[in-house]
Amino acid sequence: MKELVRDSFAVTVKELKELSRDPVSLALTIMFPILLISIFVVISQAFGASSYNIPVVVADLDGSSVSKVLLDKLTTSPLIRVNQFVQTDEQAVQAVQSGMATGAVIIPKGFGQALLSSGHTYVILQTDNSKLTAPLLVNAALSSSIQAMLDEATQTGYTGALSGFKAAPVDVIIRPISGRPPSGDPFLPGMLGMITILGAFDDIVNAITRERERGTFPRLVLTPINIFSVYMGKMSSTVVINAVRTTLMLIIFALSGLVIRGNIIFIYLTTSLIAVFTLSLGLVISSRVRSSSTLTILEIALTFPLFQLSGAVSSAETLAPEGRALAYSLPWTYGNDAIRRIIYLGVGFNAIAVDILVLLLSSLVLLPIATLLAKRTM
Amino acid sequence: MLEKAIETHNLTKVFGHFTAVDGLNFDVREGELFGLLGPNGAGKTTTVRMLCTLLEPTTGTATIAGYDLVKEPAKVRRQIGVVSEGVMLYKDLSIEENLKFLSKLYDLSGEKADQRVKELLEMFDFREKAKRQVRALSSGWTKKALICAAILHRPKILFLDEVTSGLDPQSATALRDFTRNLCNQGVTVVWTTHYMTEPEKICDRVGIVYGGRMIQIGSPNDLKRKVSELSVMEIEVSNLSQETIDKIRSVQEICNLRYEPPFLRISCERDDELTEKMTKTLLSEGVKIRAINTLEPTLEEAFIKLTGGEDEIDRILGRNDTDRQVMKERSK
Amino acid sequence: MSKSKFLSDTLAVTINEFRVLRRNRTAILLSLVVIPFFFTAALGVGSGGAGTSYSVTAKIPIAFIDDDQTVASGRVYAILARSGDFHQLIQGYREDNAIATLGTGKIYAVIVIPKGFQDRLLNDQVGHITVYVDDSVADLGSAIQGNLLKNLQDFNPRLEVQPVRVGVSSPIEIVARGVKFSGFDVGLTVILGLVIIFATFYEIAGGISRESEEGTYARLAVSPIGLGAIMAGKTFYDLGLNAVRALIVCALAVYGYGARPNTDLLTIVGLSLLMALLTMGFGFIISALGLGVRAVIIVEFFLVLFLFAFSGFIIDRELLTGFSKTISYSLPWAYGIEVIRRAVLIGQPLWTMANQLMFVVVSTVVFYGIAYFVLKISRERLVI
């Protein structure tokens, strides 16, 4: 036991020394979290902004005083920018189809007349649904403009056909319980998870594959050291490096105003276990994949599927049924879920115990397999 | 009179603040086997890399097979073949596939290419190894594969850079014989090596490179004669004082003296009485002698001899008194 | 150099690249299976495929607390339970218990019908429902709210049988036109772009780095072949691979997940190859830096992330502001993705997107020009 600890410690120190002299891995360790967060801050700022400049064209085929009120509301909407007024339906549609505008609002002839006489009319909204989010915002802008128009009519005591207008019968009030900032930032805990995963994958490349390529791995195993000690040493160094990454991420979180409700120790515990599991899996893979560049590309190729399926970007609960099933079969999902709940909900150990157990058991299963495979494929 | 296959004009290569090759001037005649001899880091490989257009000279130029190195590199490449570290074959392909690919780049047409490839594979006795991936070949066979690739297109000039390193003695001999044959057929060969004994076996002339400069050019016999005049003695001693070292250094015939306790290494002009002189001097100073051995001169010792002594080396390399003092301190 | 020599050298390099690839099973696997397959399958599995509609809230356990205990509140429960959006409504919790359970994973929301709900409705007032939600799960709150409002839009407490037709609450109805696309359909264009960019960059920038490390670039450098032929040969090789990749993604999307592109396969492959060319040009420039293969892969990853954020992959460019917008509108990939998206989803003819295509083409030419120049001056870095 003493030998195991001593040898593992020696390997750990060596790993950390090597990392300190490897600019590529250092860059990955330090730059990657910063860059990833910066990119997602841009994204979440975009999603959380209070005003946009989404180009919309309007065709007022009615030209009545009523339609002019709606036009007025549209042009002052913070979500869209009415950049052109066109004369015909076809022109409006063409503007959207050509990409000049994301949406076209077509106020049909007789709009005002119908509204005043029967209290009921319609507006046509043509949107470019090839876009991801912008059409929804155009729809929201139109809805809110219509609502504003109706509210104004009600407030000014209008007694026309609109006076009988009833709002929807049931109103739903949402009370969020999380500590998530109003701006959203739903990605941040997931980013911590992803950075832990990718960092651990990269540690594998350094830990084993490059050693094999350089010939230092055979040197190591020719000494009296046990292969298990080697792996434990590399595992420990990964835990240390991961702690550095996690600290960096938490600093970035703090600087971006995120309040961490839960115990930071649990965050370190969870990310360490994610790293340990990822490293264990990587050790198994690296017994078959010998090239560091192949392993690196494999690592990165897995990134985007993991973004999707491990709860980093969208929670597993909100995926399609097959996706959910797959997500729940990945230990990383449990880790990301635990991080999210610790940060936003401040849950205690009891609440994340199952997640921790899944990660621990998965690692415990993989590590002996990795050791066995390493012995066979030395 | 034979034409000059290679002629360099102040060929220089500077990497940052480091001058790897400094104003090299030499020529190689057609059909000659020219040796470039020097220790590791002397600038031999850098010279070869410039001459085969891998590196661009910082200043100076050369004429290779009648073409200007700097102005007509593409034409130069058609005339040369190279075996050098860092100029490799595709490891995932077999030697045969590598040669067939390269033959296309040298404008060898289908049938001609096939014929030439077959000829080379037979010449080097590849047989079933011809279908094996290059990565699966041993270093010796890989080297043969590299030579095949270098001579595939029957170049006029061949650069063989440290080509015998890592080969067993028989293979090295076979390679030297093969190269000699090529020269007899009119191919000009530049052969770089750091082994002192190699040039005398095959080279027509040898250029000694040291510190990026051409120190001397001459035939191997000249070289051998100069070196054979050198004698190296290693004496295992104890309690040697600086005074004693200075006294020994003052002995006229000594070329070089280095003391790395407990060994005192003396190189000097061959003198049958020198051993007796040295022994007497040491004993008179009360030095205890444990053993005396006669050794082959090291490359540096040979260079010192060949280049006319340490002073000459210093002059050539521009070393000043401070540098010499530092080197003396290091030699104690 | 003559034209025929250039063409023959180019062809020789292209064939050689395929020969090397054929011998490297791992590269084939990564390039043609792992990257296109993983990316597309992840999207399909996560989104359920094209044409699949699933309710985000259907399978999420939600506590339902009826403090009103009236006919109206009972009818609310019945409507929600039958709706297809709330299959796991759990009754029996106390409110304080339920709220305390949020965050444990046992329940994700608590719907509370307050006392007085029916009274308010019968008095023509708006009835309030409160939902406590674990909104650490992104978008869950808005999904629950949306589905509740949708199902209770025409709720009438006086009627046992609620109106079936989804009526209009507002006097002004919005008639939405424009074809709706599933998340998979929209995501497919993203995946196609990502796969092409990712794999292409690795093959070109990584390929030259590998050749430099292994000494085969030096081998080419001492042969009569020109740099142009080397670049052209590798370009044709990679175009071939990208054509195969685009076909794999399309085949998986169409036959595996039911996607229905609104344009023909030739257009999709052609546009993919255009994106590949653009990326190749950039890849050649990066390869001139003389980075190791692993460093190139890391650079590539950062590049893809960067493009992910700024090229309209996951966020419409219209939503970006300030500096982000400027960056986005200067990235040629953004225009390429836009063209692919509009062609594949809307079926917009290419000639109507001539400006965007021109930007991509010109950028490609510029990248190749810069790459040629930079590779020429970086020759030593790559052969040492």
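1. A quick word on terms before we start: a helix axis here is a line fitted to the C-alpha atoms over the stretch in contact, and angles run from 0 to 180 degrees between N-to-C directions. Please keep in mind that this is a predicted model.

2. Let's begin with the helix pair. The axes of helix 3 (residues 65-75) of chain A and helix 5 (residues 111-118) of chain A cross at roughly 105 degrees and come within 7 Å. Angles of 65 to 115 degrees count as roughly perpendicular, and helix 3 of chain A and helix 5 of chain A are therefore roughly perpendicular to each other.

3. Which residues make this contact? Helix 3 of chain A brings A:Ser65, A:Val66 and A:Ser67, while helix 5 of chain A brings A:Phe111, A:Gly112, A:Leu115 and A:Leu116. Sorted by type, the residues of this contact are four nonpolar and three polar, with no charged ones.

4. Now for the sheet. It is open and mixed in its pairing, with five strands in the order 2(A)-1(A)-3(A)-4(A)-5(C). Strand 2 (80-86) of chain A and strand 5 (172-177) of chain C stand at the edges, each with a single partner strand, so one side of each has no neighbour in the sheet. From one strand to the next, the twist averages 25 degrees.

5. Strand 1 (residues 54-60) of chain A and strand 2 of chain A run parallel, joined by six bridges. A:Val58 has A:Phe85 of strand 2 of chain A opposite.

6. Finally, helix 4 (residues 89-97) of chain A packs on the sheet, where helix 4 touches strand 1, strand 2, strand 3 (103-107) and strand 4 (121-127) of chain A. The direction of helix 4 makes about 165 degrees with that of strand 3 of chain A.

Note on methods
Residues numbered from 1 in each chain as written. Chains lettered and ligands numbered in written order. Predicted model: local features only at pLDDT ≥ 70, side-chain atom pairs only at ≥ 80, totals over all residues. Helix = DSSP H or I, 4+ residues; strand = E, 2+ residues; numbered from the N terminus. Parallel < 35°, antiparallel > 145°, perpendicular 65-115°, else oblique. Contact = placed C-beta atoms within 7 Å. Nonpolar A, V, L, I, M, F, W, Y, C, P; charged D, E, K, R; others polar. Pairing = 2+ DSSP bridges.
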